[in-house]
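Biologist: Please take one part of this chain and go through it closely, then place it in the rest of the fold. I would like the reasoning spelled out where there is any.

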Amino acid sequence: IRGLRSQLKDSVPVAGLCPQGAYGVQDSLRSGFTSVKNELLPSHPLELSEKNFQLNQDKMNFSTLRNIQGLHAPLKLQMEYRAARQIQRLPFLPSSNLALDTLRGSDECIGFEDVLCDPGQSEVMGEPHMMVEYKLGLL
């Protein structure tokens, strides 16, 4: 069901595939509140392109790097990206992903996500003990 939901998430509203709790009601503590916005079709043809911009940019850079330096260069860079993505703080603390930004070369650029994604102003905050236990698979 999880694979089906991820495939259909951006194209078709899916009802009934939300994770159910013990009493047949969605568990809002673990999965968050439901939003109609997440189940809608893309409103503009460029929306999906913009959503996947960084992925497409990485693919283009990897193919260029492969053509210039050979197969080892993009593989090494992908391993470094994977290692940098695994470095995180505790689940209830925001992570800046500075190592990943440095590898991508976007550490010197200031974008709207740097200004508008302030974790101090976030509306999503859960109980720290519950979030760590869920991340470790104890719940």
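**The aromatic pair and its helices**

Modeller: Directly after helix α4, G70 adopts a positive phi of about 105 degrees. This is a predicted model, and the part I will follow is the pair of helices on either side of that glycine. Helix α4 covers residues 53-69 and helix α5 covers residues 72-86.

The lengths of the two helices come first. With 17 residues, α4 spans 24 Å between its first and last C-alpha, close to the 24 Å expected at 1.5 Å a residue. Helix α5 has 15 residues and spans 21 Å on the same count, close to its expected 21 Å.

Next, which residues of α5 are buried? They are A73, P74, Y81 and A84. Viewed down the axis of α5, these buried residues fall within an arc of 90 degrees, so they line one face of the helix. The other side of α5 carries exposed residues, namely H72, K76, M79, R82 and Q86. As for partners, the buried residues of α5 pack against α4 and against α6, which is residues 98-104.

One of those buried residues, Y81, takes part in an aromatic contact. The structure contains one aromatic pair. It is formed by F62 and Y81, whose ring centres are 5.8 Å apart; their planes meet at 45 degrees, so the pair is tilted. The cut-offs behind that label are under 30 degrees for stacked and over 60 for edge-to-face, with the rest called tilted. The pair links distant parts of the chain, since F62 sits in α4 and Y81 in α5, 19 residues apart.

Are the two partners buried or exposed? The cut-off for buried is under 20% relative accessible area. F62 has 13%, so it is buried. Y81 has 6%, and therefore it counts as buried too.

Y81 has a further neighbour in R104, which lies over the face of the Y81 ring at 5.2 Å from the ring centre. Residue 104 closes the range of α6, 98-104. The ring of Y81 thus has F62 as its aromatic partner and R104 over its face.

Between α5 and α6 there is a loop, and two of its residues deserve a note. N97 is found in this loop and has a positive phi of about 55 degrees, although it is not a glycine. Most residues other than glycine have a negative phi. With a relative accessible area of 32%, N97 is partly exposed. L90 lies in the loop between α5 and α6 as well, and its relative accessible area of 45% makes it partly exposed. The C-alpha of L90 is separated by 8.7 Å from that of M131, although the two residues are 41 apart along the chain.

Now the rest of the fold. The protein chain has eight helices and zero strands, so its order of elements from the N terminus is simply α-α-α-α-α-α-α-α. Of its 139 residues, 6% are buried; F62 and Y81 belong to that share. Counting contacts between residues at least 6 apart in sequence, 37% join residues at least 24 apart. The chain exposes about 11,800 Å², of which carbon and sulfur atoms supply 58%.

Methods: Residues are numbered from 1 along each chain as its sequence is written. This is a predicted model: local features need pLDDT of at least 70, side-chain atom pairs count only at pLDDT 80 or more; totals for chains, interfaces and linings use all residues. Side-chain values use heavy atoms; hydrogens and water are left out. Rings of Phe, Tyr and Trp (its six-membered ring) pair if their centres lie within 6.5 Å; planes under 30 degrees apart count as stacked, over 60 as edge-to-face and the rest as tilted. Helices (H or I, at least four residues) and strands (E, at least two) are DSSP runs, numbered from the N terminus. Buried means under 20% relative accessible area, exposed over 50%, partly exposed in between (1.4 Å probe, protein chains only). A charge sits over a ring if NZ of Lys or CZ of Arg is within 6 Å of the ring centre and within 35 degrees of the ring normal. Contact means heavy atoms within 4.5 Å. Accessible areas come from the Shrake-Rupley method with a 1.4 Å probe; for residues, only the protein chains shown count as cover. The expected span of a helix is 1.5 Å times one less than its number of residues. The arc is that of the directions from the helix axis to the C-beta atoms.
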